[in-house]
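Visitor: Please take a close look at the charged side chains and what lies around them. I would like the cut-offs stated along the way.

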Amino acid sequence: MRAVSISTDALVVTSGFWQTNAIALRVGDEAMLIDSPYLPDELEALPSLLAGAGFEPDGLLATHADFDHLLGRLAFPGMTLGLCESSVERMHREPGEAQRALRKYDDEFYVSRPAPLALGQVQALPVPGSVEIGDRELELQPAEGHTADGMAIFDRAHGLLVVGDYLSDVEIPWISEGGSLADYRATLARLAPLVEAATTVVPGHGAPHDRDTTLRLLDEDVDYLDALERGDETLPPGRETKAQRGIHAENVEHI
């Protein structure tokens with residue numbers, strides 16, 4: 001697990017598995033943790049790491065209801081988890097799905113956990129909307145397409161945009177079950193002006209980017225979706241890996 005300060009009030013913690021990012025934001029005496037690392041030892045170390053850096057969270061947020069973004073509850077089991085309304089609706093439609101998916105991947109990669117995932121108290125947040133942290137509001141924007149649910153979180157005052165599973169340098173656009181090509185396109189169009197207003201963009205997987213890098217990735221992702229719709233097998237530059245070709249095959253199946 002790697003922790004990188006991207007400003008005096010923001011810390012990105014990156015898992016050694018899938019380059020999964022968690023983002024800690026601090027405003028005054030309050031802090032919020034968005035998404036989570038993956039591995040059990042990372043989750044065990046997370047509370048002391050954040051406390052030592054001055055980012056001990058008062059609450060949890062997740063960009064969407066995929067299991068690998070919900071694991072903050074394992075590190076902070078007593079905290080309320082904030083999700084957009086579409087994510088809460090998804091969890092109600094698919095009870096236990098996050099836990100089953102986590103067990104599936106843990107079994108595949110020989111990961112042993114001291115306790116199962118219990119989601120506990122969940123707060124539904126209206127999106128578009130905002131959530132308060134200290135004396136600031138974080139803007140919440142809908143981000144469906146990868147899945148049927150999701151939100152992007154924008155700390156406009158500090159130019160920090162958290163986008164969930166979009167605009168990654170290691171992962172191609174992934175239209176998973178419940179997502180759609182049309183919704184993915186709409187989310188990229190919605191994110192474009194936010195990226196223009198941002199200084200740093202943090203994807204769910206991969207490195208944080210500056211504005212210019214993210215705009216390039218956005219253009220590449222739009223080009224990929226165009227190619228996908230045409231039946232073209234071309235993947236974005238730098239993301240032509242075996243794993244991403246597997247995701248591409250899933251995309252073809254889903255559209």
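Guide: R185 is partly exposed because its relative accessible area is 27%, where buried means under 20%, exposed over 50% and partly exposed in between (1.4 Å probe, protein chains only). The areas come from the Shrake-Rupley method. The model is predicted, so local features need pLDDT of at least 70 and side-chain atom pairs count only at pLDDT 80 or more, while totals for chains, interfaces and linings use all residues. Residues are numbered from 1 along each chain as its sequence is written, and side-chain values use heavy atoms, without hydrogens or water.

The partner of R185 is D226: the two form a salt bridge (side-chain nitrogen of Lys or Arg within 4 Å of a carboxyl oxygen of Asp or Glu), with the closest N and O atoms 2.8 Å apart. This contact links distant parts of the chain, since D226 sits in helix α6 (residues 211-230) and R185 in helix α5 (residues 181-197), 41 residues apart. Helices and strands are DSSP runs numbered from the N terminus (helices H or I, at least four residues; strands E, at least two). D226 counts as partly exposed because its relative accessibility is 28%.

Helix α6 also contains T214. With a relative accessible area of 0%, T214 is buried. Its C-alpha atom is separated from that of M151 by 17 Å, and the two residues are 63 apart along the chain.

Under the rule given above, the structure has 14 salt bridges. Another of these joins the side chains of R90 and D66, at 2.8 Å from N to O. Here too distant parts of the chain are linked: R90 belongs to helix α3 (residues 85-93) and D66 to the loop between β5 (59-61) and α2 (72-75), 24 residues apart. R90 is buried at 11% relative accessibility, and D66 is buried at 14%.

R230 and D232 make a further salt bridge, with their closest N and O atoms 3.6 Å apart. R230 is exposed at 61% relative accessibility, whereas D232 is partly exposed at 28%. Separately, D66, R90, E94 and D149 are joined into one network by salt bridges that share partners.

Charge also gathers without such pairing. D29, E30, E56, D58, E132 and E137 make up a patch of negative charge on the surface; patch residues have over 30% relative accessible area and no salt bridge, with like charges joined within 9 Å. Asp and Glu count as negative, and the charge is placed at CG of Asp or CD of Glu. Within this patch, D29 lies in the loop between β3 (21-27) and β4 (30-34), and its relative accessibility of 82% makes it exposed.

On the uncharged side, there are nine aromatic pairs (ring centres within 6.5 Å; planes under 30 degrees apart are stacked, over 60 edge-to-face, the rest tilted). F17 and Y38 are stacked, because their ring centres lie 4.5 Å apart and their planes stand at 25°. The pair links distant parts of the chain: F17 is in the loop between β2 (10-14) and β3, Y38 in the loop between β4 and α1 (40-52), 21 residues apart. F17 is buried at 13% relative accessibility, and Y38 is buried at 0%. Both belong to one aromatic cluster formed by F17, W18, Y38, F67, Y105 and F109.

Note on methods. Patches are made of residues with over 30% relative accessible area and no salt bridge: like charges are joined within 9 Å, nonpolar side chains (Val, Leu, Ile, Met, Phe, Trp, Tyr) within 5 Å. Accessible areas come from the Shrake-Rupley method with a 1.4 Å probe; for residues, only the protein chains shown count as cover. Rings of Phe, Tyr and Trp (its six-membered ring) pair if their centres lie within 6.5 Å; planes under 30 degrees apart count as stacked, over 60 as edge-to-face and the rest as tilted.
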